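Colleague: I would like to learn how to read a model like this one. Where should we begin?

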Amino acid sequence: MKLFFYILAILIPSILSAQTPASDELVQIHTIANITAMNAISNPVEGSLIYNLNDKVIYRRTDTEWLSLEKKVTLVLNSDGSYTFSNGIDSDIILTVGGTSTPVHFISGVSPNTCLETGKTYDVIITGDNFDGSCTVSMSHQTLNYANVINTTQIQANITMSSVSNTNITVTKGANVVTHNNALSGTTITTHTLSASDFTLTNASYSGNILKSTSYSGWRGHAYNLLKKINNQSKGFLEFTYSKGANNNIYQIVGLEKSPSTNDIWMSYGFYLINTNNIRIYEDNSLKKSLGAIADGNVLKIEVGCDNVVKYYKNNTLVYTSAKLRNTDLYLDTSLYYITYGNTTNYKIGN
């Protein structure tokens, strides 16, 4: 019996200690509102603990600072295939997985890759796989200014077009070399000297490379070309020469139009040749600029760039840059006023 009571005396405290304590029996430490208030504590004792109510973390006091007892461990994949390990306290560690890097298997494309003009600078995106900071880029025919790895699938290359030749782009990663042939090319323009058969003529003639009205009244003469268009988002030009007629009056409107017809004398982009002292630039019946006089043999040109910017030239000198970007295919179009007035000659289309 005495043995029973002895064992019971030993077990009762253990049973009582296994019971859930009341809230006022829990061990408590001081709380504080935030980091600022915590750092404002005067002469804290080393080894002290305090609970920050703002970030919900317990801090321990060292001899110089408060340190969080919560260690936030992270492992981040870097663009070069390595990892950065951090525990929130010690210095970060860079980890390299394996002894060799993953090779580049392919270059899937380059953008933009067409209608790149010689002498201009472009940012092109090279798309592929397993790119990292060790990759280098080279290319044929063009000037590579620099190349930056954006991520594992994209490299941005800044290039100046030096040639219209097809360009091969190579990405090298250690001993791994991958080349994409004919990745991009400059734009080339073919110049077409027009003949009478290239025009659709209404009350007009094109003989001996001279375009003139055959009408004796009003804006009844029209000539346009639907055979050799300047495609949207491609480079091209219209060029012609002024030829003085029987008097100083000219009255011809020559330009580029998205839908040529005989129903409208105006066009999207055009020169309005009034007389030898007055030529103007009009766009859709809106005056853009007066250019003054024109002389026999002066060459006028409207040029459209790959960037859809339209520019006007007189004797190869830039005289106006349009604020209206081209957004469609364009065709040669003209409106001609009177049979005895000045003429235009030597029409050329580049596309």
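Modeller: With the element names. Helices and strands are DSSP runs, numbered from the N terminus. Note also that this is a predicted model.

Colleague: Then how many helices and strands does the chain have?

Modeller: The chain has two helices and 29 strands.

Colleague: What share of the residues is buried?

Modeller: Of the 351 residues in the chain, 38% are buried. The cut-off for buried is under 20% relative accessible area. The chain's accessible surface is about 19,100 Å². Carbon and sulfur atoms hold 50% of that surface.

Colleague: And how do I read contacts along the sequence?

Modeller: Look at the separation of the partners. Take contacts between residues at least 6 apart in sequence: 55% of them join residues at least 24 apart.

Colleague: Now the sheets. Which strands make up the open sheet of seven?

Modeller: Read the order across the sheet, not along the chain. The order is β16-β19-β28-β21-β22-β23-β24, and the pairing is antiparallel. The edges are β16 (200–202) and β24, each of which pairs on one side only. On average, neighbouring strands in this sheet are turned by 15 degrees against each other, direction ignored.

Colleague: Where do the side chains go in a strand?

Modeller: In a regular strand they alternate between the two faces of the sheet.

Colleague: How many bridges join β21 and β28?

Modeller: Six bridges join β21 (residues 249–257) to β28 (residues 331–336), in the antiparallel sense. To find the register, look at residues that face each other. E257 stands opposite Y331 in β28.

Colleague: What about β23 and β24 at the other end of the listed order?

Modeller: Strands β23 (residues 278–283) and β24 (residues 286–292) run antiparallel, joined by five bridges. E283 stands opposite S286 in β24. The two strands form a hairpin with two residues between them. In that hairpin D284 has a positive phi near 50 degrees.

Colleague: Which other residues have a positive phi without being glycine?

Modeller: N315 and N346 are examples. N315 has a phi of about 50 degrees. N315 sits in the loop between β26 (310–314) and β27 (317–321). N346 has a phi near 55 degrees. N346 lies within strand β29 (residues 343–350).

Colleague: Why does N315 count as partly exposed?

Modeller: Partly exposed is the class between the 20% and 50% cut-offs. N315 falls in this class because its relative accessibility is 37%. N346 counts as partly exposed because its value is 34%.

Colleague: Is there a smaller example of sheet order to practise on?

Modeller: Try the open sheet of three strands. Its order is β10-β13-β14, with antiparallel pairing. Strands β10 (136–139) and β14 (176–184) are the edges, each pairing on one side only. The twist from one strand to the next averages 20 degrees. Strand β13 (residues 167–173) pairs with β14 over six bridges, again antiparallel. T172 stands opposite V177 in β14.

Colleague: Last feature: surface patches. Which residues make the nonpolar patch of about 310 Å²?

Modeller: For a patch, each residue needs over 30% relative accessible area. Here I29, L49, I58 and L69 make a nonpolar patch of about 310 Å². I58 belongs to strand β3 (residues 57–61). I58 counts as partly exposed because its relative accessibility is 34%.

How values were computed: Residues numbered from 1 in each chain as written. Predicted model: local features only at pLDDT ≥ 70, side-chain atom pairs only at ≥ 80, totals over all residues. Heavy atoms only, no water. Helix = DSSP H or I, 4+ residues; strand = E, 2+ residues; numbered from the N terminus. Buried < 20%, exposed > 50% of the residue type's maximum accessible area, 1.4 Å probe, protein only. Contact = heavy atoms within 4.5 Å. Areas by Shrake-Rupley, 256 points an atom, 1.4 Å probe, with all protein chains shown as cover. Pairing = 2+ DSSP bridges. Axes fitted to C-alpha atoms, helices over the stretch in contact; angles between N-to-C directions. Patch = residues over 30% accessible without salt bridge, like charges linked within 9 Å, V, L, I, M, F, W, Y side chains within 5 Å. Salt bridge = Lys/Arg side-chain N within 4 Å of Asp/Glu carboxyl O.
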